[in-house]
Protein chains: 2
Amino acid sequence: MKAVGIIVEYNPFHNGHLYHLQETKKQTGADCIIAVMSGNFLQRGEPALVSKWARTKMALSAGVDIVIELPYAFAVQSAERFANGAVALLHSLYCEEICFGSESGNIKAFIDAAKTLLERKHQHDSYVQKALKKGVSYPRANAEAWKRLDAISLDLSKPNNVLGLAYVTAILQKQIPINPRTIRRIASGYHDETFSHPSIASATSLRKAMQGSIAQLETIAPYIPAATKQALMQYYDTYGMFHEWEAYFPFLKYRIMTAEEEELRQIAGIDEGIEHRLKQEIAAAPTFSAFMNALKTKRYTWTRLQRMCVHILTNFTKEQQKKAETPTYIRLLGMSSNGRCYLQHVKKRLSLPLVTKMSRLKYDPIYQQEKKAAFAYAAIFPEPVRTNALKEEYATPPIQQ
Amino acid sequence: MKAVGIIVEYNPFHNGHLYHLQETKKQTGADCIIAVMSGNFLQRGEPALVSKWARTKMALSAGVDIVIELPYAFAVQSAERFANGAVALLHSLYCEEICFGSESGNIKAFIDAAKTLLERKHQHDSYVQKALKKGVSYPRANAEAWKRLDAISLDLSKPNNVLGLAYVTAILQKQIPINPRTIRRIASGYHDETFSHPSIASATSLRKAMQGSIAQLETIAPYIPAATKQALMQYYDTYGMFHEWEAYFPFLKYRIMTAEEEELRQIAGIDEGIEHRLKQEIAAAPTFSAFMNALKTKRYTWTRLQRMCVHILTNFTKEQQKKAETPTYIRLLGMSSNGRCYLQHVKKRLSLPLVTKMSRLKYDPIYQQEKKAAFAYAAIFPEPVRTNALKEEYATPPIQQ
């Protein structure tokens, strides 16, 4: 059986994701699609709109065969660590290829860029550092450094290209026997906030249209599969809300206000004295977005600040981050009957434990952080929903479809 | 001018407190009554029903001349540290006497007990330790140790007697030139939860009758001065709530769930491995009282556990507690014109700075903790009340009446 891996967040799953999935199957001839998916918190430093279980249901309904979790320690990270964690997990399940979406759909451009990056990393980094010191923003410094290396045709101001390049670089750098592929995205930029296509819209625009409630579900219905709509409705019925940063702000503010600067300095991503500014700006900030706007400078992008805030919220320390070099387990969130078949097939040769009962991981530092993140994610529920949501987190068996 | 000190929490101020105040004036012939009062959190490990400002108004209306704050680092503590902090502050303002309430009203019993305690401290402590190891609760072990020393006629199962003894002990041990006095309490035990007198009831019974809302204010009206009633109404109008432990539970639970055991071990009062049990019991606890009931054993009294929880909530560490040996400033919360007169009188000979602008204390470790406690106290408000309440905490000038 041939397995192909995809790296996803599905926040929420929409028709663009469906297209990518169908094209992946068609172009690779895969027997089994394995998705490695971020859990409670996402790469850009945000809570997922709905739980990992609800998003797993959406994925399985759309034809994904196996969904595994990208642990927090790799998910809420810059492209490089995110890619290293995801690629390692897909490799551990013997994926022969990985297939990601990009603006150009040209894999050669990614491979060339990755090779150049690996050869000239030092030169590139030193340019970026100099530009940052001059007050240039990180994305711009990064893009300009690439231009100066006149190496590539990739537009690295596009987040999808940055991630794609990170996947290919991870594969080449660690000489992982996975063939990278890319599929051209259609109709919608990653950051687009408006609808410009009859059935394809970005996840960002869908979340924006929803405004955190179920009321606007019909507005987004043309852009999502029926199963996504159903999973969203079911989640809202059960939990009474979708997850957005603002709801977590009382906890973030409480933590920053009562933490010593020395404690904040131990949190992953808190460098260069930003802990002073966090303490300074938090007292008068009534909302998360006011806080972010007060913090934002050219040096710190919105995404980087959001990731810092998630790490504070979930108490993810530099020490934990250092310990989490590479994934130590494969957490199965769900599978189709086809996926179960594939797992039977590879089960005996797995180099990492395939885990469904989380209590077995009691002392694994990567799972320790997963638990903290899971609680932080559930902290905004009233009782008895909060306690039930936590039980679900620990005790839910993989979803079978 | 002769100043007499009293040590109070006024949670809320009631007719029993008024009686104590009037008797203190009458029996001591004081020109000026100085109250040292706990701030946001109280000796038994609870949030104060209303802010220090509202409670200061109640005190001034009833005839107290000067209200100063007992810092968190001394207020949320066992009787010994509580007494040491309070007595030191009253001494710093040149009080000639202190006057506390007790069941017996017999100061000789307190003085004899304090002398015995100081002489036989080692013997007493070693008995208590042995009893604790046998599983006897602390209050019982303490009371029995006293009985064995056959020294005193004080009933040390009464919290007021324990505190009174601590005041007298602090005075004798440090040879502080303050004369201790006690006034016999009337009509109501400290812990009484029912009303048995037409106009005197314990603060505990009043809080219980109020049930956290303004609706039952008429029920308690016979037991409180009109000014207390008015201050309570005004507070509820402005802030929309009274402060009770349950409202803080989401933050406490969030903190314990996301903290590492090692971090909990650094919190004041967390000893002997109780951090394991805190982590173990918190996940399934839907409410503060369920959590406390799950934790309670003979070894850990309710009060001791509550204090631990307040220290976790406000992030008060062992290191901070160690640094806070003795008060470093006198924070003025309010004064009458008579009180202002007295302060003019003693101003030049004060050994501690008399502070009204808190920004001056920026680097004082005792005030650092006060700020954390103040934020934790305000964390339960919705915006914009939360931000306003914090401004009030930092910027309110002393109340003048």
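## Exercises on a two-chain model

Let's start with charges: run the salt-bridge rule (a side-chain nitrogen of Lys or Arg within 4 Å of a carboxyl oxygen of Asp or Glu) across the interface of chain A and chain B, and you find four salt bridges. Before going on, note that this is a predicted model, where local features need pLDDT of at least 70 and side-chain atom pairs count only at pLDDT 80 or more, while totals for chains, interfaces and linings use all residues. Residues are numbered from 1 along each chain as its sequence is written, chains are lettered from A in the order in which they are written, and side-chain values use heavy atoms, with hydrogens and water left out.

**Exercise 1.** Work out which residue of chain A pairs with Glu260(B) in a salt bridge, and which helices of chain A supply the touching side.

*Solution.*
- Step one: the partner of Glu260(B) is Lys372(A), with 2.8 Å between the closest N and O atoms.
- Step two: helices here are DSSP runs of H or I with at least four residues, numbered from the N terminus. H11 (245-258), H15 (302-314), H18 (365-378) and H19 (385-395) of chain A each bring at least two residues to the side that touches chain B.
- Step three: H11(A) gives the most to that side, eight residues.
- Step four: sort the residues of that side by type, and you get 17 nonpolar, five polar and seven charged. The nonpolar class is Ala, Val, Leu, Ile, Met, Phe, Trp, Tyr, Cys and Pro; Asp, Glu, Lys and Arg are charged, and the others, Gly among them, are polar.

**Exercise 2.** Find how many residues of each chain are in contact, and how much area is buried between chain A and chain B.

*Solution.*
- Step one: with contact meaning heavy atoms within 4.5 Å, 29 residues of chain A meet 29 residues of chain B.
- Step two: buried area is the accessible area (1.4 Å probe) lost when two parts are put together, summed over both. Here that comes to about 2300 Å², with carbon and sulfur atoms giving 58%.
- Step three: Tyr254(A), Thr258(A) and Phe375(A) supply 26% of what chain A buries against chain B, more than any other three residues.

**Exercise 3.** Determine what rotation superposes chain A on chain B.

*Solution.*
- Step one: fit by least squares on the C-alpha atoms of residues with pLDDT of at least 70 in both copies. A 180° rotation with 0.0 Å of shift along its axis does the job (RMSD 0.0 Å).
- Step two: that is the relation of a two-fold axis.
- Step three: in chain A, Phe251(A) has the C-alpha nearest the axis, 3.4 Å from it.
- Step four: the same surface serves both copies, since 100% of the contact residues of chain A recur in chain B.
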